[in-house]
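Subject: A structure for you to explore

Hello,

Here is the structure I promised to hand over, with my notes on what turned up in it. Please open it in your viewer and keep it beside you while you read.

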Amino acid sequence: MSRALLTVAILAVAAGVVGLFISFRELEFVSDGLVHAVFPGLVVGAAIGGTAAVLPGAAVAALLAAVLFTVIERRGGIGADAAIAVVLTGLFSLGVVLVSRQEGYVSQMQELLFGRLLTVTEAQVWQILVVAAAAILIVVSTWRAQLFRAFDAAGAEAAGFRPLAADLSLGIAVALLVVAGVQALGVLMVIALLTVPMAAARLFTRSFALLIPIAILLPLLAGALGLWLSFEWSVGAGATVSPGAVVVLLLVGLYVLAALVRVTAFRLSSARRSASEAAA
């Protein structure tokens, strides 16, 4: 349980930093494509070297996909999203075919898709920490370029920043974070960690300085509560509950709460404005 909570904490910090530019650049779909593209790398790594080779296999697949998706996204046009969709579905299907050729592939596929948060080893925690730190370092070292690129691409290029270098750096950072999170949460749940906390943070506050702290705090809260709930349900009620799935559901619940708070605040503000105008 302590390793699981530590893993969630590491991923929360990294996702808060990297997720800022995923949200500003509206790269949620590209991030989803990276998550699915990692799947064949996971399978090949596990088939070649077992658990120890999962991370290297996923890293190779993620980095290749990051470069490919960056080139497709920069090309733009009406075919860019379709090309990304074709690539991600093709790579994901390739992973399914590869894993289905192995014995006991159903259990292996379940583990790769949904993760095993409670069985993360000490060695895997260190691997996740190193990879997540690398993702944060890439974003922090290119912070000015990423920020300029997010708000004014033409201005960033005129100011001397290289858009392609910034795009590739962000793509690689996202790929590394996907690799870090997929071991614990699985392929299908990493996308929630990359996108939902920052989306909820942008609903909770308009302050730029508070976005990352809130985006870190939300998955920490969901992680601690999710682990506790899954333990209580599994031990107390005798139900088999995936802690990773519970964490993600709680994250989504926090997003819904943020949306409700935002809508309520907007309606109250509109009502006060109407009342003041009527009084005037």
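Before we start on single residues, one term: a helix here is a DSSP run of H or I with at least four residues, and helices are numbered from the N terminus. By that naming, Gln-146 lies in helix α7. Please also keep in mind that this is a predicted model.

**The whole chain**

How many helices and strands does the chain have? Its secondary structure comes to twelve helices and zero strands. Read along the sequence, the pattern is therefore simply α-α-α-α-α-α-α-α-α-α-α-α. Of the 280 residues in the chain, 45% are buried. The chain exposes about 13,700 Å², and carbon and sulfur atoms supply 68% of that area. Now look at contacts with a separation of 6 or more: 76% of them are between residues 24 or more positions apart.

**What the record says**

The unreviewed UniProt entry carries the annotation "transmembrane region" for several stretches, including residues 208-229 and 241-263. You can check how the model draws these two. Residues 208-229 are 100% helix and 0% strand, with end C-alpha atoms 32 Å apart. Residues 241-263 are 91% helix and 0% strand, and there the end C-alpha atoms are 33 Å apart.

**Helix α11 and a surface patch**

Helix α11 covers residues 208-236. Does its length agree with what you would expect, or disagree? At 1.5 Å a residue, its 29 residues should span 42 Å, and the end C-alpha atoms are 42 Å apart, so the two agree. After α11 comes Gly-238, which has a positive phi, near 70°.

Phe-231 is a residue of α11. Its relative accessible area is 41%, so Phe-231 counts as partly exposed. Together with Met-1, Leu-118 and Val-235, Phe-231 makes a nonpolar surface patch of about 390 Å².

**A buried residue in helix α1**

Thr-7 lies in helix α1, which runs over residues 2-24. Is Thr-7 buried or exposed? Its relative accessibility is 1%, so it counts as buried. Leaving aside neighbours within four places in sequence, Thr-7 is in contact with Leu-117, Val-120, Val-125, Ile-128 and Ala-184.

**The salt bridges**

The structure holds two salt bridges. Which residues form them? Asp-167 pairs with Arg-25, and the closest N and O atoms are 3.0 Å apart. This pair links distant parts of the chain: Asp-167 is in helix α9 (residues 163-185), while Arg-25 is in the loop between α1 and α2, and the two are 142 residues apart.

Asp-167 also forms a salt bridge with Arg-149, where the closest N and O atoms are 3.2 Å apart. Arg-149 is in helix α7 (residues 143-151), and here the partners are 18 residues apart. Through the shared partner, the salt bridges join Arg-25, Arg-149 and Asp-167 into one network.

Are these residues buried or exposed? Buried means under 20% relative accessible area. Asp-167 has 4%, so it is buried, and Arg-25 has 12%, so it is buried as well. Arg-149 is also buried.

**Around the network**

Now back to Gln-146 in helix α7. With a relative accessible area of 1%, Gln-146 is buried. Not counting residues up to four places away in sequence, Gln-146 touches Phe-21, Arg-25, Ala-166, Ser-169 and Leu-170. You have already met Arg-25, as a salt-bridge partner of Asp-167.

Val-174 is found in helix α9. Because its relative accessibility is 4%, Val-174 counts as buried. Apart from residues up to four places away in sequence, Val-174 touches Val-18, Ile-22, Ser-31, Leu-34 and Leu-194. Ser-31 is a nice one to find on screen: Val-174 and Ser-31 are 143 residues apart in sequence, yet 7.0 Å apart in space, C-alpha to C-alpha.

If you would like a place to begin, try Asp-167, which has a salt bridge to Arg-25 and another to Arg-149.

Enjoy exploring, and write back with any questions.

Best wishes

Key. Residues numbered from 1 in each chain as written. Predicted model: local features only at pLDDT ≥ 70, side-chain atom pairs only at ≥ 80, totals over all residues. Heavy atoms only, no water. Patch = residues over 30% accessible without salt bridge, like charges linked within 9 Å, V, L, I, M, F, W, Y side chains within 5 Å. Areas by Shrake-Rupley, 256 points an atom, 1.4 Å probe, with all protein chains shown as cover. Salt bridge = Lys/Arg side-chain N within 4 Å of Asp/Glu carboxyl O. Buried < 20%, exposed > 50% of the residue type's maximum accessible area, 1.4 Å probe, protein only. Contact = heavy atoms within 4.5 Å. UniProt positions renumbered as here; feature names shortened; annotations may be inferred. Expected span 1.5 Å × (residues − 1).
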